[in-house]
Amino acid sequence: MLTNLDFPKCIKVADLGCSSGQNTFLAMSEIVNTINVLCQKWNQSRPEIDCCLNDLPTNDFNTTFKFITFFNKKLTSNGSCFVSGVPGSFYSRLFPRKSLHFIYSIYSIHFLSKVPDGLEKNKMSVYITSSSPLSEYKAYLNQFKRDFTTFLRMRSEEMVHNGRMVLTLIGRNTLDNPLYRDCCHCWTLLSNSLRDLVFEGLLSASKVYSFKMPFYDPNEEEVKEIIRNEGSFQINDLEMHEFDLGHSKEKCSLQSHKAKAGQKEASCIRAVTETMLVAHFGDDIIDALFHKYAHHVSQHASCRVKTSVTLIVSLVRK
């Protein structure tokens, strides 16, 4: 990107779906350090770098900004680096036309702008399962197509020619059965945990019936097709990696190791979902829910063959 753009004097980088906390700055510091190393390698003066952090307006930007000192310590060289927050949905325009040079988004694009319309309300599952009607899969896929196409179109207006975008999202590696989600799929485990609370009288069944995840895990071909059809970006690379929330690295022969694996994954999923779960169910059941979730994960801690994968796609603005 730097050589194709002839080493711009000011580079604007955007993190879409930045969340809050010091982890927000890990990828951004890597990008800034890489730019500075490449400029030194090519005997170019270091550019000014505009680091834009985007998330929904409800995101805790104040907490994030408290970690700017942590960010500065991660930088390997001094330079002009500016940090700003950009509240708003990335399914809308966020930046001026042709202003961005590099965009990245980590584990955010799989979240939809809304739950698809027309889903069945009489099932105690928060997402697609093997027993779902095919219409449910099609509803989720169509919503993802609309959202991802909108996302690409918005970014194409904001990005300079030959700018780059790297997206990391949860996908799936099943091509033959679009309904199949394995027994240790994170939303299957969440459904099981909610069902436990219903059976114990801590939650009403009607509350669970009316809750669905605004999420879609596309396969590689679905992602490629949407990018090709939208037409603004060229695929530079697309990689598929094992999706792992940490528990498969545990030695799960002992029950204590399985319990630790369950607690790890429960913490990850809680960090991602707690806000939307509280909005629907209230906060009284959250601790009990993720205690159940950790238990269910521990029962599947030795599961190695999973449908969930991480998709990483590198795009070039045409």
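## Cysteines and Arg-155

Cys-268 counts as partly exposed, at 30% relative accessibility (buried is under 20% relative accessible area, exposed over 50%, partly exposed in between, with a 1.4 Å probe and protein chains only). The model is predicted, so local features need pLDDT of at least 70 and side-chain atom pairs count only at pLDDT 80 or more, while totals for chains, interfaces and linings use all residues. Residues are numbered from 1 along each chain as its sequence is written, and side-chain values use heavy atoms, with hydrogens and water left out.

The search of the whole structure returns 0 disulfides, a disulfide being a pair of cysteine sulfur atoms within 2.5 Å. Cys-81 and Cys-268 are unpaired because the closest cysteine sulfur is too far for a bond in each case.

| Cysteine | Closest cysteine sulfur | Sulfur distance | Relative accessibility |
|---|---|---|---|
| Cys-81 | Cys-51 | 3.4 Å | 23%, partly exposed |
| Cys-268 | Cys-186 | 11 Å | 30%, partly exposed |

Arg-155 belongs to helix H4, residues 134-158 (helices are DSSP runs of H or I, at least four residues, numbered from the N terminus). Arg-155 is buried, because its relative accessible area is 0%. Its side chain makes a polar contact with the side chain of Glu-158 at 2.8 Å, and also reaches the backbone oxygen of Ser-92 at 2.9 Å. A polar contact is a pair of N or O atoms within 3.5 Å; within protein, one must be able to donate a hydrogen and the other to accept it, and residues adjacent in sequence count only if both atoms are side-chain atoms.

Leaving out residues up to four places away in sequence, Arg-155 touches Leu-16, Phe-90, Ser-92, Arg-93, Leu-94, Ile-103, Met-165 and Phe-233, where contact means heavy atoms within 4.5 Å.

Conventions: Helix = DSSP H or I, 4+ residues; strand = E, 2+ residues; numbered from the N terminus.
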